[in-house]
Amino acid sequence: MIRLDNVSWHRGKKDSAPVLAHVSFMVPQGGFRWLLGPSGAGKSSLLSLLHIENLPSDGQMTILGKTVAQEEKRSALVRLRQRIGMVHQDYQLMPDLSVADNVALPLRLQKRPEDEIQDEVHAILKWVGLGERVGVPAAQLSGGEQQRTAIARAIIHRPGLILADEPTNALEESQACRLLDMFAELSAMGTTVVVATHNESLIRRLERPFLFLERGRLVEDGGAQA
Amino acid sequence: MTRPFSGRKDGLSLSEALPDRSLFALVAMMGFLAALTVAGASGARALSARWSGGAAQLLTIQVPDADTALTAQNGPTTRVQAVLADLASLPAGSEVHQLTQPELSRLLEPWLGETDNTALPLPAIIRVKLPVDTSVPATLEQTLNTHVPGTIVEHNARWGERLRALANSLLACAGLALLTVGGIATMITGLATRTGLATRKDIIKTLHGLGASDSYIAGRFAWRTATLGFGGGLTGTLGACLPLLLLLQMAAPFASTPLTAPDRLLPTNWQALAATIPQDMLVALLLLPFAAAFICWFTTQIMVRLWLLRLP
């Protein structure tokens, strides 16, 4: 479950103009939300807050049932972050590592047994269509392959919350549809999903409530209307 | 295509971010200096202990015309016997020994040659060793001279104190030198760590986002610098061993363990020389690589954890 109450975030000093201002919404466990808005509206900033890459300057934020505050212990934030899967717009893969090693990272950080990790990685890479590319260094992948690797890395540890920033940008239509089906499936299984996108055909294909941001303010909350 | 699971677990690639050459070589130099300093400190400490222990408790008393008769309260006696009687009042446990003729001859041999039958009027020499933690009575010299005029009391403690002060100041200098070497090693490690953090900034942020804890990231960096520090410290210490053995050979005549004075630069009996190395110095030298590793590990832990504070 995600809940934001009057959350604001400033990039630098508190007296600077807020990137996000007085944002309030709630997504229940297993809920799916499109995050929409023009470029510069604050979609990526909101996702980075939800991913706890930044902490709210004001207001209260609850992620997966845990209230996140400035004074929170770092170890608690680390544990919470391990329960979130994030697909960044720029993928953020380790260029020197193979596809398999990239995807294995979240499990290795959780100190899971290596044989278990390898089985899981092979299964998920087969599922995203990269079964033949497991040993290729990430730097040698095409844009679409990098995106699928990033998606596999975000979901391999079965997070309670998946955040995706333009996840279908570099994907072909068929792959994008497959990815959407997967997100819908994960949501049905109880994973909360928030996807930022500009792709209107996708939104039409999977009709779900949306959050609409404009100049850092939430101007429409489809979930609240529902 | 490479192996799917390469064993490079997290993409930090610290062997590239923190290259071997610079940190290893600089720590090796620091290790070399530290080993020499440790040896100097050990020598100064041994001298200080020796001078503040045995040597400071020694007195040498010369009695001229030792066999000349003297009238005392208890009847006729010689001058040396009168002095020995006075010395009986020294603190309990004091060892008083009058040098025998052969001992006296051996003592004067460097100056007078074979002196068994010298015609020179030699004084009687009395060696007094006081127990530890006792001091010579302030009035001893005066008392002896009242009873036996012309008696000379040579106070080793006076020289011992000066030499001990010298040894202590050498020890303090060695301590400061070690602190400086440690400080420089800390700075070098700090700079290397900062460079590593700068080159791996984006990867660290990604790992942090994936749920890597501060202790994981700091531990990865610290293990790398500690390994380089240990290697550098070991190399520096081993490099210092040859000059140290040469210095030990040169210092042999001053050692407490009798050794023959060197007649050539390189020692011939390495085993005998190695046996003279003080135990505490050996332990300190063995600990140096570990100390270097600890300095590198600790500095890196602090640096990385402070750097990570900028991330929530």
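**View 1. E214(A) sits in strand β9 (residues 210–214) of chain A.** Like every view in this set, this close-up is drawn from a predicted model. E214(A) counts as partly exposed because it has 14 C-beta neighbours inside 10 Å, and a residue needs 20 or more to be buried. Which residues does E214(A) touch, leaving aside its neighbours within four places in sequence? Look for G37(A), P38(A), A41(A) and V219(A), which are in contact with E214(A). For a sense of scale, pick out I52(A) as well: it is 162 residues away from E214(A) along the chain, and the two C-alpha atoms are separated by 21 Å.

**View 2. Strand β9 belongs to an open sheet of six strands in chain A.** Reading across this sheet, you meet the strands in the order β6-β7-β8-β3-β9-β10, and their pairing is mixed. At the edges stand β6 (84–87) and β10 (217–221) of chain A; each has a single partner strand, so one side of each is left without a neighbour in the sheet. On average, and with direction ignored, neighbouring strands here are turned by 20 degrees against each other.

**View 3. Strands β3 and β8 of chain A run parallel.** Here we move in on β3 (residues 32–36) and β8 (residues 192–196) of chain A, which four bridges join. A handy pair to find is W34(A) and V195(A): W34(A) stands opposite V195(A) in β8(A). Helix α6 (residues 173–188) of chain A lies across this part of the sheet, covering β3, β7 (161–165) and β8 of chain A. The helix runs at about 150 degrees to β8(A).

**View 4. A second sheet to explore in chain A is open and has four strands.** The order in this one is β2-β1-β4-β5 (chain A), and the pairing is antiparallel. Which strands are the edge strands? They are β2 (20–27) and β5 (66–68) of chain A, each of which pairs on one side only. Neighbouring strands of this sheet are turned by 20 degrees against each other on average, direction ignored. Let your eye settle on β4 (residues 58–63) of chain A, which pairs with β5(A) in the antiparallel sense over three bridges. In that pairing, T62(A) has T67(A) in β5(A) as its bridge partner. Helix α1 (residues 43–50) of chain A lies across β1 (2–9), β2 and β4 of chain A, and its direction is at about 60 degrees to β2(A).

**View 5. Chain A is divided into two domains that touch each other.** Domain 1 takes in 1–83 + 159–226, while domain 2 covers 90–158. Taken over C-alpha atoms, their centres are 23 Å apart. Where the domains meet, 11 residues of domain 1 of chain A are in contact with 10 residues of domain 2 of chain A. Helix α6(A), familiar from View 3, gives the most to the domain 1 side, with three residues. By class, that side has seven nonpolar, three polar and one charged residues.

**View 6. Chain A also meets chain B.** In this view, 29 residues of chain A are in contact with 21 residues of chain B. Helices α2 (74–81) and α3 (99–109) of chain A each supply at least two residues of the chain A side. Which element gives the largest share of that side? It is α3(A), with seven residues. Sorted by class, the chain A side has 15 nonpolar, eight polar and six charged residues.

**View 7. The largest nonpolar core has 116 residues.** Nonpolar side chains tend to be buried together in soluble globular proteins. Touching the most other members of this core are L125(A), L163(A), V27(B), V38(B) and A292(B). Helix α2 (residues 20–52) of chain B gives the most to the core, with 14 residues. Around A292(B), leaving aside its neighbours within four places in sequence, you will find V27(B), G31(B), A185(B), G229(B), F230(B), G232(B) and G233(B) in contact with it. Another core lies apart from this one; it has 12 residues, among them L59(B), V63(B), V80(B) and V148(B).

**View 8. Chain B has 10 helices and six strands.** Stepping back to the whole chain, 29% of the 312 residues of chain B count as buried. Among contacts in chain B between residues at least 6 apart in sequence, 82% join residues at least 24 apart.

Definitions and conventions
Residues numbered from 1 in each chain as written. Chains lettered and ligands numbered in written order. Predicted model: local features only at pLDDT ≥ 70, side-chain atom pairs only at ≥ 80, totals over all residues. Pairing = 2+ DSSP bridges. Axes fitted to C-alpha atoms, helices over the stretch in contact; angles between N-to-C directions. Contact = placed C-beta atoms within 7 Å. Nonpolar A, V, L, I, M, F, W, Y, C, P; charged D, E, K, R; others polar. Domains from an automatic or database assignment. Core = buried A, V, L, I, M, F, W, Y, C linked by C-beta atoms within 7 Å.
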